[in-house]
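Colleague: Pick one part of this and go through it closely for me, please. I'd like the charged contacts, and then whatever lies around them.

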Amino acid sequence: MSAPANFEAPQSVDLDDGSIGRIVSVTGSKAIVLLDEALDARFLQIEDRPEMGTLLAIHQTNTTVLAIVSALSVPVPAQGEGDSEIWIAELGLVGELRRDTQKGRISFNRGVTVYPSLGDRVCVASTKELEAAFCGDPEGSVRIGGIRQDSAIPAMVRVDDLLGKHFAVLGTTGTGKSCTTALILRSILQKNPNAHIVLLDPHNEYATSFKEWGEILSPRNMQLPYWLLTFEELVEVLIGGSDGRKAEIEILQELIPIAKGRYGSGRGKDAQGGLRRGLDSARFTVDTPVPYRMSDLTAMIDERMGRLENKRDLHPYRQLKQRIDMVSQDARYAFMFGQLTVYDGMAQILGRIFRVPVAGKPITILELTGLPMEIVNVVVSVICRMTFDFALWSEGQIPVTIVCEEAHRYVPANSKTGFEPCKRAIAKIAKEGRKYGASLCIVTQRPAEIDPTILSQCNTVFALRMSNDRDQQIVQSAVSETGSGLLEFLPALGQREAIAFGDGVTLPVRMRFDELPIDALPRSSTARFSEKWQSSVGDDDFLERVVERWRASGADSGDDDSASMMAEAMNFGEKSQPAPAPQPAATAKRRPQQGGAAMSRQGANGEHPAAAANRSAVRRPGAQEAADGGEAARAELRRRRPEEAVAARENGADPEAADTVSALRSIRERLMQRAR
């Protein structure tokens with residue numbers, strides 16, 4: 001907006017009111033201020049000079065209009081020393097302050113009801129006016145830093161508006177996105193100790209930021225059984241790309257509902273680990289989240305193969321079975337296929353992921369490092385889909401926030417890349433989650449590579465330093481015109497600085513985040529090359545430790561959590577506690593038994609060999625007696641029912657696994673009798 005050509009510098013101005021200029025033009029949501037004489041002594045004080053983003057006040061009869069400086073210019077520069085010149089400030093009108101005479105306080109409202117008039121004097125907003133504008137409602141807000149104009153004024157975010165309408169943290173790598181995310185979440189948790197937050201952590205960096213509040217899940221202790229996956233997700237795990245694999249997909253689509261029906265009918269009369277009430281096994285679809293045995297699935301594949309006469313028709317069945325066997329025996333997939341036994345533990349899985357009950361840990365950090373790269377998007381898809389469904393079917397009683405770090409991996413702008421079910425799951429939260437209490441936080445270093453539909457649903461944005469033109473354009477398209485002038489600072493923002501705008505903050509503002517405690521910093525600091533390269537580290541012991549950690553990342557560390565959740569789902573008394581780690585001697589005694597055919601196939605109950613080799617006992621009141629009698633119970637079952645073991649072998653099942661399940665049932669009966 002250019003200044004009229006007939007502007008003249010004022011000859012004399014009364015500065016007793018603290019004003020710095022007067023209104024000379026008002027057009028819609030914009031205004032132009034002719035600043036007072038440039039050589040006036042008042043402008044020699046730096047704090048009195050308006051700059052980009054400065055909040056100014058225009059006092060009216062009953063209100064005070066607030067405006068942000070969006071541009072500064074000198075349309076008529078001085079030609080010689082001592083000549084006067086014209087200074088122009090362009091303003092964006094953002095809101096007004098109203099005084100409540102009954103309550104005796106000042107409240108801020110967005111929008112302007114009484115526009116300033118020509119000639120009205122303009123002042124730099126006072127501390128009291130800044131507090132009224134930026135602090136807002138202290139009860140529903142949390143502090144995350146201080147504003148650039150006056151560091152004594154806290155930068156507050158309104159929690160309900162921030163989470164209810166989604167938010168994004170954007171910035172180039174190394175600008176402090178992880179610290180910003182940790183700071184915002186910690187500030188929210190300090191005031192809301194019974195929150196429900198799920199953080200997808202692809203770099204294992206947030207555990208140190210939430211030591212006292214976080215439930216850390218990783219592939220080594222997570223349970224996400226395969227039967228929780230939708231058909232598309234399971235196809236991605238078992239088959240991968242669907243090109244040329246139509247026959248295998250059709251086989252799965254036909255057999256999975258049958259396997260679910262078999263499990264449901266076989267457990268319908270069994271109170272120990274049966275399906276939840278209200279489920280009709282005849283109405284199961286490929287996407288119904290109910291348990292089924294992978295061994296039933298492979299048995300049906302074998303049965304179909306036995307009926308086929310044409311060898312060409314056997315190929316898709318063999319391919320599918322080979323892939324199922326390979327994935328089931330891969331220790332990296334143990335969190336999905338390596339459960340102790342197949343049981344309906346969906347309630348326990350949901351409780352652990354979404355912190356119900358909270359139990360002093362309101363945030364779940366899901367560490368994705370260590371997952372096979374080909375199924376990371378599948379895991380993210382499952383978690384995001386379950387987040388929305390949990391919020392939907394809990395009828396909004398437990399609002400949940402899911403934080404997607406490196407979100408450009410999961411919702412890329414390119415429609416030909418990414419995992420489509422994952423995109424749909426996140427898009428559903430972004431578009432419809434507000435109605436049901438499902439909130440989304442997007443964290444990314446490349447806003448231009450994220451699906452614009454997802455990013456446009458984030459009504460609050462924290463923009464850190466950005467140097468890429470495409471990324472800056474994406475951010476500029478999201479900010480209102482009144483705050484667009486602030487975005488000129490994006491390439492020059494310092495560490496811990498950001499431009500915040502949207503519904504979560506009262507006004508667009510340049511702010512500086514508070515510092516995190518040293519012990520709460522994420523593990524995301526930049527490597528110090530010049531320091532590390534001053535000494536040589538390369539002995540054999542160091543390399544051995546590296547190799548050991550490398551290999552251990554793909555190994556299963558035990559099945560304590562699976563056993564605990566299974567016991568809880570089967571109603572084995574009170575909530576279980578994981579057993580102490582087994583002694584090395586005991587471990588050595590068991591090693592000779594971990595070979596042969598038992599290690600080369602999956603048991604009839606869906607047990608994974610790696611999980612079987614590492615599973616631990618579950619301790620609870622009365623469990624020691626049950627544990628001592630477990631082996632005797634299995635021996636008694638073998639003695640009483642040898643014909644069942646023979647039948648199991650004929651059907652290709654693992655009698656040891658079947659005996660384990662029967663022994664667990666016997667143990668439960670003893671515990672129930674003891675309780676009576």
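Modeller: I'll start with the salt bridges and then work outwards to strands, helices and the surface.

A word on the ground rules: this is a predicted model, so local features need pLDDT of at least 70 and side-chain atom pairs count only at pLDDT 80 or more, while totals for chains, interfaces and linings use all residues. Residues are numbered from 1 along each chain as its sequence is written, and side-chain values use heavy atoms, with hydrogens and water left out.

There are 22 salt bridges in the structure (a side-chain nitrogen of Lys or Arg within 4 Å of a carboxyl oxygen of Asp or Glu). Glu215 is a good place to look, and Arg352 is one of its partners: their side chains meet at 3.1 Å, N to O. That contact links distant parts of the chain, with Glu215 in strand 12 and Arg352 in helix 9 (residues 346-354), 137 residues apart. By helices I mean DSSP runs of H or I with at least four residues, and by strands runs of E with at least two, numbered from the N terminus. Glu215 and Arg352 are both buried, where buried is under 20% relative accessible area, exposed is over 50%, and partly exposed is in between (1.4 Å probe, protein chains only).

Glu215 also meets the side chain of Lys361, at 3.8 Å, N to O. Lys361 sits in the loop between helix 9 and strand 13 (363-367) and Glu215 in strand 12, so this pair ties together parts that are 146 residues apart in sequence. The cover differs between the two ends: Lys361 is partly exposed at 31% relative accessible area, whereas Glu215 is buried at 14%.

Next comes Glu212, whose side chain makes a salt bridge with Arg186 (3.6 Å, N to O). Glu212 lies in the loop between strand 11 (197-201) and strand 12 (214-217), and Arg186 in helix 3 (residues 177-191), so to speak a link across 26 residues. Glu212 is partly exposed at 42% relative accessibility, and Arg186 is buried at 10%. Elsewhere, Arg110, Lys165 and Asp503 form a network of salt bridges.

On to the strands. Strand 5 (residues 86-100) is largely enclosed by the rest of the structure, because 11 of its 15 residues are buried. Strand 4 (residues 63-76) runs antiparallel to strand 5 over 11 bridges (strands count as paired if DSSP finds at least two bridges between them), and in that pairing Val69 has Leu91 of strand 5 as its bridge partner. Strand 2 (residues 30-35) is antiparallel to strand 5 as well, joined by 5 bridges, with Lys30 opposite Gly92. Strand 6 (residues 105-110) adds another antiparallel pairing with strand 5, over 6 bridges, and there Leu97 faces Phe108.

Strand 18 (residues 509-513) has 4 of its 5 residues buried. Strand 8 (residues 141-147) joins strand 18 through 3 antiparallel bridges, and strand 17 (residues 497-502) does so through 4, again antiparallel. Met511 turns up in both pairings: it is the bridge partner of Ile147 and of Ala498. Strands 17 and 18 make a hairpin with 6 residues between them.

Now a helix with plenty of cover. Helix 4 (residues 231-238) has 6 of its 8 residues buried, among them Phe231, Leu234 and Leu238, and also Glu233. After helix 4 comes Gly240, with a positive phi near 80°.

Lastly, the surface. Asp539, Asp540, Asp541, Glu544 and Glu548 gather there in a patch of negative charge. For a charge patch, residues need over 30% relative accessible area and no salt bridge, and like charges are joined within 9 Å; Asp and Glu count as negative, placed at CG and CD, and areas are Shrake-Rupley with a 1.4 Å probe. Within that patch, Asp540 belongs to helix 15 (residues 540-552) and is exposed at 59% relative accessible area. Asp389, in helix 10 (residues 376-393), is partly exposed at 26%. Asp389 and Tyr436 are 47 residues apart in sequence, yet 9.3 Å apart in space, C-alpha to C-alpha.

Notes: Patch = residues over 30% accessible without salt bridge, like charges linked within 9 Å, V, L, I, M, F, W, Y side chains within 5 Å.
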